Every structure is written in C-alpha cells, then in structure tokens.
Amino acid sequence: MPDDPGSPGPRAQLAAYVDQGQAVLDPGQAGPALKTDGIGLTRRPWGPLAPKERVASLLDESGGFYPHERIPDLLAAARIEEVELEFRAQLAAVTDAGLTPGHLDWHCLADGGRPDIFDLTMALAGEHGLAVRAWLDPSRQKLRARGLPAIEHDFLDSFSLDLDDRAEAYARLLRELPPGLSEWAVHPGLDDADARAADPGGWPVRHGDHAFLTSPRARELVRREGITVIGYSALRRVWAEHS
C-alpha cells in the first residue's frame, strides 16, 4: 500500500503481526492495544477439529498431525479437499466463539506451503470477508494482480533478531523503515513462570519484544519517523472493498 509521493501522509506503514494480538506500537494508545486479529490455520498439536476419518491425509501414523520436522511429508500427502474440511472446522470454531478476526494465515508455514492451499485460503477469506497474510513473492503477486494490498519489503520475524542489543536493533529498523507497507511478526510475552514453562527456549525473545514494543521509546520513534502502525483489520477493510 504505497504512499502517494505528493501526499502529506505517513512516510511508511508497518503491519505489526503479533502472535498474541494486534499492534502494540500505536503512539496514540496509553498502553498496549492487544486484540484478536487473525486465525492461524494450523496443525494443532492435539489433532484436527474435523473428524479424523475425513482428514486422514493430514495425519501421520500415530493419528495426529505431522510434527513440524515432517512438514514436507504433510505437504506431499495432504488432499486439498481434506485441507478445506479442516480449515472450515477451525474457522467455525473461532466464529462460533464470537470472535471477529481480521485475516487468515498458516502460523509457521509460509503461504500454506503449496499454491493450491494458498488459493483455497484466499477463497475462504473471500467467503468470510477476511484478508490473507502473504509472505512470499508468488503469493504477493497474486494479491497485487487482484488489486489487494501486499507487503512491499522483506518480512521480519522477531525470532531472527539477536537477543543482545535487541532494543537497539528495533530502534535502528524503525529509523530505516522504507516507504510503503512492511510487516513485522513480533512475539511479545511476559517474563513469568508460566511463560518460561510454556516456551523454555523462546521466552527471552518474547520478553525482549514486549519490553521494547510497549516502551515509550518505541512510541516516540514511531511518531518521530512518521510511521503508521496497523494490524490486519485495516487491510481487511481494503479486501472488503474489492470483494
């Protein structure tokens, strides 16, 4: 969603994808602004929501979803009609709970892992009036061909940043953010016993993200650099106009 060079609008837009909610960098907020923003259609560790006998191609020999290290086996075996059945079950679970998401994605599996899975997700998003999160160039090109917004720069996963000097790295990235639409996938979390038990290897990353992203320094940098922070709910409105 590039800015008009002749417009007095923001220098850059940052779509902050937060795995526990929406953006925390909004300088107009007195505190973190967290809310449900998307559905990560996923290989739930405790098994499918659809009946197992109807999604057998998605399950390994134990009867559960394939583990992360066997994603290539899953993608080779998965029948698209069974992927659709499970995705619809997961969507229904969210909407039946009274939640209103902004977008669909696949959590740690970039663009669904296969073009037909991406296309299926696009169709489901159209049915539900949602946006779709696209990381890779072929998928971004599909969005642009339909007049839909797609990120214009390299995608940032906060787990790729070093733990040392994390705050300085974030500050530098905000100062250097290029014009147009960028996306950061950040993972803020508290430093407490529950967080350490839930993610023994990842909690320092999550705590470092939370510490910077909720800080006055972050809000001041966003304001000073002319950055508009959005979540996918803002992009959803553009998708609705093109549906």
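A residue is taken as buried when its relative accessible area is under 20%. In the predicted model examined here, both Tyr 170 and Phe 212 meet this description and are buried. Across the protein chain, buried residues account for 45% of the 243 residues. The chain contains nine helices and seven strands. Of its contacts with a separation of 6 or more, 71% join residues that are 24 or more positions apart. The exposed surface of the protein chain comes to about 12,100 Å², of which carbon and sulfur atoms supply 53%.

Four aromatic pairs were counted. In one of them, the ring centres of Trp 135 and Phe 155 are 4.8 Å apart and the planes lie at 20°, so this pair is stacked. Trp 135 is located in the loop between β4 (131-132) and α4 (137-145), and Phe 155 in the loop between α4 and β5 (156-157); the pair therefore ties together parts that are 20 residues apart in sequence. Trp 135 has a relative accessibility of 17% and counts as buried, whereas Phe 155, at 24%, counts as partly exposed.

A stacked arrangement is also found for Tyr 170 and Phe 212, with 5.3 Å from centre to centre and 10° between the planes. Tyr 170 belongs to helix α5 (residues 166-175) and Phe 212 to helix α7 (residues 203-213), so their pairing ties together parts that are 42 residues apart in sequence. Together with Trp 184, these two residues form one aromatic cluster. Elsewhere, a charged group and a ring are brought together: the charged end of Arg 196 sits over the ring of Trp 203, at 3.7 Å from the ring centre.

The largest nonpolar core comprises 35 residues, among which Leu 58 and Leu 143 touch the most other members. At least two residues of this core are supplied by each of α1 (71-77), α2 (80-96), α3 (115-128), β4 and α9 (232-242). The greatest contribution is that of α3, which gives six residues. When residues up to four places away in sequence are not counted, Leu 143 touches Phe 118, Met 122, Val 132, Ala 134, Leu 148, Pro 149, Ala 150 and Trp 239. A second core, separate from the largest one, has 15 residues, including Ala 171, Leu 174, Trp 184 and Val 229. Trp 184 thus appears both in this second core and in the aromatic cluster with Tyr 170 and Phe 212.

How values were computed
Residues are numbered from 1 along each chain as its sequence is written. This is a predicted model: local features need pLDDT of at least 70, side-chain atom pairs count only at pLDDT 80 or more; totals for chains, interfaces and linings use all residues. Side-chain values use heavy atoms; hydrogens and water are left out. Rings of Phe, Tyr and Trp (its six-membered ring) pair if their centres lie within 6.5 Å; planes under 30 degrees apart count as stacked, over 60 as edge-to-face and the rest as tilted. Helices (H or I, at least four residues) and strands (E, at least two) are DSSP runs, numbered from the N terminus. Buried means under 20% relative accessible area, exposed over 50%, partly exposed in between (1.4 Å probe, protein chains only). A charge sits over a ring if NZ of Lys or CZ of Arg is within 6 Å of the ring centre and within 35 degrees of the ring normal. A nonpolar core is a set of buried Ala, Val, Leu, Ile, Met, Phe, Trp, Tyr and Cys residues joined through side-chain atoms within 4.5 Å. Contact means heavy atoms within 4.5 Å. Accessible areas come from the Shrake-Rupley method with a 1.4 Å probe; for residues, only the protein chains shown count as cover.
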